[in-house]
Amino acid sequence: MMKYKNELSGLLPDTVVITSVEVLKSAFRQWVAEQMEERTAKEKEVMLDEAYVLKRLGKSRATLWRWNTSGYLPCCKVGGKNCYRQSDIERIEKGMNM
């Protein structure tokens, strides 16, 4: 599919592309597989509680609250507790170490 995506990326939005049904089926199957893989990865996401995140990042609750309201570090409620995705914490840590 990437081959076709690169070939079509420079075309105008009103360009008509003629292709075979088999190519469309293949592209659709690949898209479905990618969507399922992404959904599975999200379901396996590790959630960290706020106390752990505070210690790990060395930040205050006020900072976590600001980051949540700005969208920089979204918070999720799990069982009434504020939790954060491990992938988001790792992203922030990489930015801090640069």
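**Glu45 and its surroundings**

I started at Glu45, which lies in the loop between helix 2 (21-43) and strand 1. Note to self: this is a predicted model. How exposed is Glu45? I get a relative accessible area of 25%. Buried would need under 20% and exposed over 50%, so Glu45 goes down as partly exposed.

Then I asked what Glu45 is in contact with, leaving aside its neighbours within four places in sequence. The list is Arg85, Gln86 and Ser87. For Gln86 I also checked the spacing: Glu45 and Gln86 are 41 residues apart in sequence, yet their C-alpha atoms are 7.2 Å apart.

**The chain as a whole**

I stepped back to look at the whole chain. It has five helices and three strands. Read from the N terminus, the order is α-α-β-α-α-β-β-α. Of the 98 residues, 15% are buried. I also looked at contacts between residues at least 6 apart in sequence: 49% of these join residues at least 24 apart.

**The sheet**

Next came the strands. They make an open sheet of three, in the order 1-3-2, with antiparallel pairing. Which strands stand at the edges? Strand 1 and strand 2 do, and each has a single partner strand, so one side of each has no neighbour in the sheet. Neighbouring strands are turned by 50° against each other on average, ignoring direction.

I went through the pairings one at a time. Strand 1 (residues 47-49) pairs with strand 3 (residues 81-85) over three bridges, in the antiparallel sense. Here Met47 stands opposite Arg85. I had already met Arg85 as one of the contacts of Glu45.

On the other side, strand 2 (residues 76-78) also pairs antiparallel with strand 3, over three bridges. Cys76 faces Cys83 across this pairing, standing opposite it in strand 3. Val78 stands opposite Lys81. How many residues lie between the strands of this hairpin? I count two, and Gly79 in the hairpin takes a positive phi near 60°.

**Helix 3**

I moved on to helix 3 (residues 50-57), which lies across strand 1 and strand 3 and runs at about 85° to strand 1. Which residues of helix 3 are buried? I find Glu50, Val53, Leu54 and Leu57. They span an arc of only 105° around the axis, so they sit on the same side of helix 3. I made a note of Glu50, a glutamate on the buried list. Right after the helix comes Gly58, with a positive phi near 70°.

**Helix 4**

Helix 4 (residues 61-70) has Thr63, Leu64 and Trp67 as its buried residues. Looking down the axis, I see them within an arc of 100°, so they line one face of the helix. What does the face turned away from the buried side carry? It carries the exposed residues Arg61, Trp65 and Thr69. So I have two tryptophans to keep apart in my notes: Trp67 is buried, at 18% relative accessible area, while Trp65 is on the exposed face. Just after helix 4, Gly71 takes a positive phi of about 90°.

Asn68 is in helix 4 too. Its relative accessibility is 29%, so I have it as partly exposed. Setting aside neighbours within four places in sequence, I find Asn68 in contact with Leu73, Pro74 and Cys75. I also checked Asn68 against Tyr84, 16 residues away along the chain, and their C-alpha atoms are separated by 9.6 Å.

**Aromatic rings**

Last, I searched the whole structure for aromatic pairs and got two. One of them is Trp67 with Tyr72: the ring centres are 5.0 Å apart and the planes stand at 75°, which makes the pair edge-to-face. The cut-off for calling a pair edge-to-face is over 60 degrees.

Is Tyr72 buried or partly exposed? I get 36% relative accessibility, so Tyr72 counts as partly exposed, whereas its partner Trp67 is buried. Tyr72 has company from Arg91 as well: the charged end of Arg91 sits over the Tyr72 ring, 5.2 Å from its centre.

Technical notes: Residues numbered from 1 in each chain as written. Predicted model: local features only at pLDDT ≥ 70, side-chain atom pairs only at ≥ 80, totals over all residues. Heavy atoms only, no water. Pairing = 2+ DSSP bridges. Helix = DSSP H or I, 4+ residues; strand = E, 2+ residues; numbered from the N terminus. Phe/Tyr/Trp six-rings, centres within 6.5 Å; stacked < 30°, edge-to-face > 60°. Buried < 20%, exposed > 50% of the residue type's maximum accessible area, 1.4 Å probe, protein only. Lys NZ or Arg CZ within 6 Å of the ring centre and 35° of its normal. Axes fitted to C-alpha atoms, helices over the stretch in contact; angles between N-to-C directions. Contact = heavy atoms within 4.5 Å. Arc of directions from axis to C-beta.
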